[in-house]
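Welcome, and please open the structure in your viewer. We will go from stop to stop, selecting a few residues each time.

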Amino acid sequence: MKKFLAILLSLVMVLSLAACGGGSDQPPLTTDKPAENQPAGDQNGGDAPETKTVKVGLICIGDENDQGYTYNFIRGKEAATEALAAKGITVDWVVKWNIAENSGCEDANIELADDGCDLIINNSFGFEPFMLKVAPDYPEIEFIACTNQASWGDNLDNTHNAFANIYEGRYLAGVVAGMKLQQMIDEGEITADQAVIGYVGAFSFAEVVSGFTSYFLGARSVCPSVTMKVQFVGSWSDATEEANAASALADMGCVMISQHSDNTTPATTAQSKGVYHTGYNNDMISVAPEASLIGTRINWAPYFEYAIESVANGESFDQDWCHGMDMDAVVMTDLNEAIAAPGTAEKLAEVEAKLRSGELQVFDTSTFTIGGAKLETAFALDTDGDFAPDSEEAVFDGAFHESHFQSAPYFNLPIDGIQRLNEEFG
């Protein structure tokens with residue numbers, strides 16, 4: 001009798017779902033029935049809930065072998081998939097590798113949309129203009145541009161931006177670098193004026209400027225004499241040019257190398273030059289154990305989990321999302337205790353706690369000058385004095401509040417102590 005009732009109940013549910021589906025142009029998310037060897041109900045005899053499946057497209061500028069930027073996205077993808085599975089949500093991923101920031105990105109978005117993806121994630125800054133050409137034609141599909149800024153202010157409901165407060169992690173990496181430089185000064189390896197950091201930057205965009213400025217401020221908080229030289233390479237991912245830039249910076253006397261670029265070549269070059277390094281996107285100790293001190297990366301898993309779960313449940317989600325250490329969206333890689341300065345781990349814990357509590361503001365205006373003057377009121381390099389597109393002032397309560405009004409960074413101020421060696425990649 002119980003078996004008969006279960007079959008009858010299942011039949012009623014199927015008919016009900018079929019009747020409800022006729023009023024929508026968008027096909028419902030795929031669902032999977034429990035496997036035959038899985039318990040099909042609770043102790044009261046009810047059916048187990050069906051597993052929702054979301055088809056997600058991911059467009060990548062590189063591939064998982066870069067051991068940097070795209071690899072970091074794949075780590076987020078895998079962690080989110082595991083977390084969602086525990087919630088009864090299966091993710092069917094379709095990944096497009098090595099897509100350039102040109103019309104090929106537009107084609108990739110179209111292909112994924114036509115392939116039935118419910119959500120399409122674009123992982124590179126230069127992908128967004130091409131994504132926005134496609135999104136209006138597929139209003140039933142959600143499109144995400146990571147590390148970007150145009151989607152949050154457009155008139156489309158199905159486009160989204162997402163980033164993380166990576167400047168928090170860069171500040172901490174700077175603290176590690178500064179402690180090492182101060183140790184070298186104290187032990188007579190270098191003089192105070194030789195505490196020079198070389199920074200390999202992709203472009204002279206606000207995202208990169210915000211990153212190397214926060215890194216510099218972290219370093220200077222523990223090594224007051226530090227200065228920085230920045231070399232832009234004009235590409236997010238060009239292993240050869242990143243190596244060349246790191247080599248040139250070392251030859252200029254930089255004894256610490258860091259980077260906002262996608263590959264591990266600045267780390268390996270630093271080791272070959274006998275200088276130290278802090279990384280981005282991945283733990284680079286394995287490729288440069290004698291040079292790489294620590295790294296920081298965006299952990300995309302919390303955002304992927306949030307966005308995909310929202311789609312699975314038919315719910316809207318933030319058009320502009322940004323979090324940091326508060327949601328573990330920014331994390332540090334392992335500290336290389338073998339070469340880090342004594343006391344670094346304890347100092348890191350102390351500074352991180354202050355960042356999390358809000359006691360420490362990365363862009364505290366009392367900690368830097370511009371042309372010898374303090375930054376007292378909001379101003380920018382344009383005539384209107386606006387930082388963010390909504391014309392809000394970013395400086396208040398004694399600090400520049402990065403990514404407060406939009407997820408995409410907008411700190412682009414040339415503070416004293418940092419020399420930009422070239423500006424053509426803006």
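**Stop one: α7 and α8**

The crossing of α7 and α8 is right-handed (the near helix is turned clockwise from the far one by less than a right angle; anticlockwise would be left-handed). This is a predicted model, in which local features need pLDDT of at least 70 and side-chain atom pairs count only at pLDDT 80 or more, while totals for chains, interfaces and linings use all residues. Residues are numbered from 1 along each chain as its sequence is written, and side-chain values use heavy atoms, with hydrogens and water left out.

Select residues 239-251 for helix α7 and 265-273 for helix α8: they pack at about 35 degrees, with their axes 8 Å apart. Helices are DSSP runs of H or I with at least four residues, numbered from the N terminus. Axes are lines fitted to C-alpha atoms over the stretch in contact, and angles run from 0 to 180 degrees between N-to-C directions.

Now show the side chains where the two meet: A239, E242, A243, A246, S247, A250 and D251 on α7, facing T265, P266, T269 and K273 on α8 (contact means heavy atoms within 4.5 Å). This contact has five nonpolar, three polar and three charged residues. Ala, Val, Leu, Ile, Met, Phe, Trp, Tyr, Cys and Pro count as nonpolar, Asp, Glu, Lys and Arg as charged, and the others, Gly among them, as polar.

**Stop two: α5 and α10**

Next, select 166-186 (helix α5) and 344-357 (helix α10), whose axes come within 10 Å and cross at roughly 150 degrees. That makes α5 roughly antiparallel to α10 (angles over 145 degrees). Their crossing is right-handed.

On α5, pick E168, Y171, L172, V175, V176 and M179; on α10, pick T344, K347, L348, V351, E352 and L355. These contact residues divide into eight nonpolar, one polar and three charged.

**Stop three: the cavities**

How many cavities of 30 Å³ or more does a search of the whole structure find? There are two. A cavity is a set of points on a 1 Å grid over the protein atoms alone where a 1.4 Å probe fits but cannot get out, and its lining residues have an atom within 4 Å of a point.

For the largest, select Y69, S124, F125, T147, E207, W236, H260, D262 and Y280. They surround about 80 Å³ of space, the volume being that filled by probe spheres set on the points, which are joined across faces, edges and corners.

The second largest has a volume of about 50 Å³. Its lining includes A164, R170, E207 and P409.

Key. Angles under 35 degrees count as roughly parallel, over 145 as roughly antiparallel, 65 to 115 as roughly perpendicular and the rest as oblique. On a 1 Å grid over the protein atoms alone, a cavity is a set of points where a 1.4 Å probe fits but cannot get out, and a pocket is an open set with protein on both sides within 12 Å along at least five of seven lines; lining residues have an atom within 4 Å of a point.
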